[in-house]
Amino acid sequence: MNNHDFNIINQLVQEQKSLWRIEEHYLPEATKKDDKKIWTKLRNQKRKNIAELSALAKKSL
């Protein structure tokens, strides 16, 4: 595997781990409305990042 492909896969894994933490810990533990709003926004962005990286990985591999 070349370095470019590794970078795509590695970033995809990092984004998935981050999304899991947001969904499993940060959102449920947020007590303020503003905090939940920020975590929800970040969750949605992570989902988009994962979709884009997954598409890129499919093209590259």
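The questions and answers below go through a predicted model, taking its salt bridges, its core and its surface in turn.

Me: How many salt bridges does the structure hold?
Reply: Side chains of opposite charge can pair when their charged atoms come close. In this model Lys46 is paired with Glu15, with 3.1 Å between the closest N and O atoms, and Glu23 is paired with Arg47 at 2.8 Å from N to O. The number of salt bridges in the structure is therefore two, counting a nitrogen of Lys or Arg within 4 Å of a carboxyl oxygen of Asp or Glu.

Me: How many residues apart in sequence are the parts that Lys46 and Glu15 tie together?
Reply: Lys46 and Glu15 form a salt bridge, and both of these residues are buried. Glu15 belongs to helix H1, residues 3-29, whereas Lys46 belongs to helix H2, residues 33-60, so the pair ties together parts whose separation in sequence is 31 residues.

Me: Is Arg47 buried, partly exposed or exposed?
Reply: Arg47 meets Glu23 in a salt bridge, and this pair links H2 to H1 across 24 residues of the chain. Its partner Glu23 has a relative accessible area of 30% and is partly exposed. For Arg47 the relative accessibility is 41%, which lies between the limits of 20% and 50%, and so Arg47 counts as partly exposed.

Me: Which elements give two or more residues to the largest nonpolar core?
Reply: In soluble globular proteins, nonpolar side chains tend to be buried together. Here the largest nonpolar core has six residues, namely Ile8, Leu12, Leu19, Ile50, Leu53 and Ala57. The elements that give two or more residues to this core are H1 and H2.

Me: Which element is included in what covers the buried residues of H2?
Reply: The buried residues of H2 are Arg43, Lys46, Ile50, Leu53 and Ala57. When neighbours within four places in sequence are left aside, Ile8 is in contact with Leu53, Leu56, Ala57 and Ser60. What covers the buried residues of H2 includes H1.

Me: How far apart are the end C-alpha atoms of H2?
Reply: H2 has 28 residues, and at 1.5 Å a residue the helix should span 40 Å. The distance between its end C-alpha atoms agrees with this expectation, since they are 40 Å apart.

Me: What is the area of the nonpolar surface patch made by Met1, Phe6 and Leu61?
Reply: One member of the patch, Leu61, lies in the segment after H2. With a relative accessible area of 60%, which is over 50%, Leu61 is exposed. Together, Met1, Phe6 and Leu61 make a nonpolar surface patch of about 390 Å².

Terms used: Residues are numbered from 1 along each chain as its sequence is written. This is a predicted model: local features need pLDDT of at least 70, side-chain atom pairs count only at pLDDT 80 or more; totals for chains, interfaces and linings use all residues. Side-chain values use heavy atoms; hydrogens and water are left out. A salt bridge is a side-chain nitrogen of Lys or Arg within 4 Å of a carboxyl oxygen of Asp or Glu. Helices (H or I, at least four residues) and strands (E, at least two) are DSSP runs, numbered from the N terminus. Buried means under 20% relative accessible area, exposed over 50%, partly exposed in between (1.4 Å probe, protein chains only). A nonpolar core is a set of buried Ala, Val, Leu, Ile, Met, Phe, Trp, Tyr and Cys residues joined through side-chain atoms within 4.5 Å. Contact means heavy atoms within 4.5 Å. The expected span of a helix is 1.5 Å times one less than its number of residues. Patches are made of residues with over 30% relative accessible area and no salt bridge: like charges are joined within 9 Å, nonpolar side chains (Val, Leu, Ile, Met, Phe, Trp, Tyr) within 5 Å. Accessible areas come from the Shrake-Rupley method with a 1.4 Å probe; for residues, only the protein chains shown count as cover.
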